[in-house]
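Biologist: Could you take a close look at one part of this model for me, the place where a helix of one chain meets a helix of the other? I'd love to hear how that part fits into its surroundings.

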Protein chains: 2
Amino acid sequence: MSGILPQDAAGAGRGPAPVVFFLSDSTGITAETLGNTLLTQFPGQRLERRTIPFITTVEQAREVVAVIDRLAAAGPRPIVFSTAVGGDIRAILAGSQGHFVDLFGAHIGALEQVLHAPASGEPGRAHGVGDAIRYQSRMTAVEYAIEHDDGQSIRALERAELILIAPSRCGKTPTTMYLALQHGILAANFPLIEEDFARRSLPEPLRPFVRKCFGLTSLPIRLSQIRQERRPDSTYASLAQCSFELRSAEDMYAVNGIPYVNSASMSVEEISATILQRMQLHH
Amino acid sequence: MSGILPQDAAGAGRGPAPVVFFLSDSTGITAETLGNTLLTQFPGQRLERRTIPFITTVEQAREVVAVIDRLAAAGPRPIVFSTAVGGDIRAILAGSQGHFVDLFGAHIGALEQVLHAPASGEPGRAHGVGDAIRYQSRMTAVEYAIEHDDGQSIRALERAELILIAPSRCGKTPTTMYLALQHGILAANFPLIEEDFARRSLPEPLRPFVRKCFGLTSLPIRLSQIRQERRPDSTYASLAQCSFELRSAEDMYAVNGIPYVNSASMSVEEISATILQRMQLHH
């Protein structure tokens, strides 16, 4: 439990920032996800974040409460997002001097009514192995994504559910990894290069699989910036070259009926959600 | 909006399963995460899941409500998890015949009071690019993880925040990818092999960085099963070999004071949360 007191809790200057705790009897991922989503509604706030996962005993819960109470006595009242399930632990955490946001308890009663069943009360395993077949499919997809990153392999392309194509540095690799790891999508990715544009056709190994292809494009100025970081002052990074490649890629997508999206201002999560929706790939 | 009616909604047999909707004006990730966490409390339930992201206009919201209402009229009442922020869209979605679980609205009022500030009311960007520096660090970490997967490169190991070590097939690669993609951790991973065990010492390139190392181990029977899938009936996959490698690895971790965890029944999310906590790596 050491190291969970924020370093600047006793700091001077503008005074200490309120501390936000994400507490969980499991990984803390759900508490962080919803908690941070809610906090994006308050963009101006200076906040200090602390995740404390795996709170599985009443002793651990009491230690955490002691930390929260100490902060509450010394400075601004902490905010506590909790997904703890177990009654004992939940009651202890709810009794701290922090402002308690019970992400679990707020909805579970209503769901019991709708589903005509009692909640199991087992500690959260939402991010455990859970369904072993589904979990294994995610691990297999990560392996597949690494083997098929950046056109490295054309082996077993027929197994791919998705082939992501784009000029270099439009975001193919992280998007592929995200889709594999979070959604178990078997995804390859392939760069579009000079000779593809000269021939005005898809890379030859992809042609049988045009229906699995999804394209990325970007804005020339954005792509040029990103390429500059990798190879400063190269032709590769020049605005002219970037414009040419993106225009050529967009032409290729259009000619082949390949859906695509402009990734210039999108996160991998947004690109992935768009691809899942457009390609109807949600498992 | 096509394809969002579940295929078995009109199915025979046990009757249609209730449909669970995850609705969002953004990616839908938060709605899926908390919704699925709550639903793990009802393990016996047969449910059909549908994510509908990017509901950004009242027309789209009305289309979704029409789908929900059609299902509600024909079969069990759908359950609707929503993280929609905008007042108009939220009101329309809340008016469907489904059971509405307002993940956003349930907590935002209390947070406004605690933070003494009004919510911005902007549609969710929790999974957008957001903080550009933080986002870029995640993308950089994915590149680093791929370059440093499975001991492929010893370049720039001094930049690593974490070096994950283990015998083959204990879960190094997906854990590294998860830490890079979700947390922006610069992580390399290195296999421990026969000659490391014979010498009873860390692979030479890692020795200056022993404080960054974290080990994985597993159960011999579990590791043997996983290796069998890759190379059936090999020495590599034999129970004796797996036992030897795991015992040797655990010895090496102990001798070098390297923290480690048994990954046999853990998910990548659980392994990652454990590593972040033990190595105090949370950004």
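Modeller: Happy to! The axes of helix H6 of chain A and helix H5 of chain B (residues 132–147) come within 10 Å of each other, crossing at roughly 80°. Angles of 65 to 115 degrees count as roughly perpendicular, and H6(A) and H5(B) are therefore roughly perpendicular to each other. Please keep in mind that this is a predicted model.

On the H6(A) side, the contact is made by A:Thr173, A:Pro174 and A:Met177, which meet B:Met139, B:Val142 and B:Ile146 in H5(B). By class, these residues divide into five nonpolar, one polar and no charged.

Now stay with H6(A) and turn to its partner within chain A. Helix H6 (residues 172–183) and helix H5 (residues 132–147) of chain A have axes that come within 7 Å and cross at roughly 160°. Since angles over 145 degrees count as roughly antiparallel, H5(A) and H6(A) are therefore roughly antiparallel to each other. Here H5(A) contributes A:Arg138, A:Ala141, A:Val142, A:Tyr144 and A:Ala145, while H6(A) contributes A:Thr176, A:Met177, A:Ala180 and A:Leu181. This contact has seven nonpolar residues, one polar and one charged. A:Met177 takes part in both settings: it meets residues of H5(A) and is also among the residues of H6(A) that meet H5(B).

What about the two chains as a whole? A turn of 180° with a shift of 0.0 Å along the axis lays chain B on chain A with an RMSD of 0.0 Å. That is the relation of a two-fold axis. Of the interface residues of chain B, 100% are also interface residues in chain A, so the copies meet through the same surface.

To place these helices in the chain, the domain assignment of chain A gives domain 1 as 19–115 and domain 2 as 132–278. The centres of the two domains, taken over C-alpha atoms, are separated by 39 Å.

For the rest of the surroundings, chain A also has an open sheet of four strands in the order S2-S1-S3-S4, with parallel pairing. Its edge strands are S2 (48–52) and S4 (99–102), each pairing on one side only. Neighbouring strands are turned by 20° against each other on average, direction ignored. Helix H3 (residues 87–94) of chain A packs on this sheet and touches S1, S3 (79–82) and S4, with its direction at about 150° to that of S4(A). Within the sheet, five bridges join S1 (residues 19–23) to S2(A), and A:Leu23 stands opposite A:Ile52 in S2(A).

Terms used
Residues numbered from 1 in each chain as written. Chains lettered and ligands numbered in written order. Predicted model: local features only at pLDDT ≥ 70, side-chain atom pairs only at ≥ 80, totals over all residues. Pairing = 2+ DSSP bridges. Helix = DSSP H or I, 4+ residues; strand = E, 2+ residues; numbered from the N terminus. Axes fitted to C-alpha atoms, helices over the stretch in contact; angles between N-to-C directions. Contact = placed C-beta atoms within 7 Å. Domains from an automatic or database assignment. Parallel < 35°, antiparallel > 145°, perpendicular 65-115°, else oblique. Nonpolar A, V, L, I, M, F, W, Y, C, P; charged D, E, K, R; others polar. Least-squares fit on C-alpha atoms with pLDDT ≥ 70 in both.
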